[in-house]
Every structure is written in C-alpha cells, then in structure tokens.
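Reader: I am new to this structure and would like to know what stands behind the terms used for it. Please take them one at a time.

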Amino acid sequence: MEIKDNTFSRQFETTVNEGLITVEYSFQEKKIFLTKINVPEAFENEAFISDFLKNIMEIAIERKLRVVPILPKIVLFFKKNPIYKELLPPGIRL
C-alpha cells in the first residue's frame, strides 16, 4: 500500500480501484488528531481501511507523534488493535 502525506490538504491518501481514500488530520504540538475518513461511494472493504490505519499508526511511531482519535470509527480501530494504545496521549481512555 502506498500512502502519500498530503500536507497541503492535511490528509493521508491512498488509491484503490474505486478512487481515493483519505484520512484527514490536524496537528497540535506533538499530537496528530485523526478527524475524518473519506472513501469512494462504492468502497466497502473495512479490512483495507484497517490496514490503512495501521500504516498511519506506523507513520506516527516513526515521527514520534501521539494519536488522538476523533472519529468513532478510529476509536473502534484502537479498541480492536490494543497494540497501538501506546500512541494515545496520557489521560485518554477508550
């Protein structure tokens, strides 16, 4: 999976047959707030979205960022993948 960090649009991007999938973000200090997931209308592959989020978590680890999940779908990702809970800022409980 190839992921582009489009800093101008503040989103991670990847392309699938159906079109562009994006995860929008914002930064504050050393935290990245994941705010929205955009998928093409015909796209229904939740496993792919999970893999996309796992790749974004790896980017956060490389950049030494804390991850703040704003979107309920991303909160659910953290609950299903507890190995990434170490990326949550202190005080955030899911």
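Author: Two strands pair if DSSP finds at least two bridges between them. The model is predicted, and in it the bridge partner of Leu-34 in β5 is Pro-69.

Reader: How do you know that β4 and β5 pair?

Author: Pairing needs at least two bridges. Four bridges join β4, residues 31–38, to β5, so the two strands meet the definition of a pair. They run parallel.

Reader: Why are β1 and β5 called edge strands?

Author: The open sheet has five strands in the order β1-β2-β3-β4-β5, with mixed pairing. Strands β1 (4–6) and β5 (66–69) each pair on one side only. The twist averages 30° from one strand to the next.

Reader: What makes α2 a helix that packs on the sheet?

Author: Contact means heavy atoms within 4.5 Å. Helix α2, residues 72–80, touches β3 (19–28), β4 and β5, so by that cut-off it packs on the sheet. The direction of α2 makes about 125° with that of β5.

Reader: Which elements give two or more residues to the lining of the largest pocket?

Author: They are α1 (46–62) and α2. The pocket has a volume of about 160 Å³, and its lining includes Glu-46, Ile-49, Lys-73 and Phe-77.

Reader: Why is Phe-77 counted as nonpolar and Lys-73 as charged in that lining?

Author: Phe is on the list of nonpolar residues and Lys on the list of charged ones, so Phe-77 and Lys-73 are classed accordingly. The lining residues divide into four nonpolar, two polar and three charged.

Definitions and conventions. Residues are numbered from 1 along each chain as its sequence is written. This is a predicted model: local features need pLDDT of at least 70, side-chain atom pairs count only at pLDDT 80 or more; totals for chains, interfaces and linings use all residues. Side-chain values use heavy atoms; hydrogens and water are left out. Axes are lines fitted to C-alpha atoms, for helices over the stretch in contact, and angles run from 0 to 180 degrees between N-to-C directions. On a 1 Å grid over the protein atoms alone, a cavity is a set of points where a 1.4 Å probe fits but cannot get out, and a pocket is an open set with protein on both sides within 12 Å along at least five of seven lines; lining residues have an atom within 4 Å of a point. Grid points are joined across faces, edges and corners, and a volume is the space filled by probe spheres set on the points.
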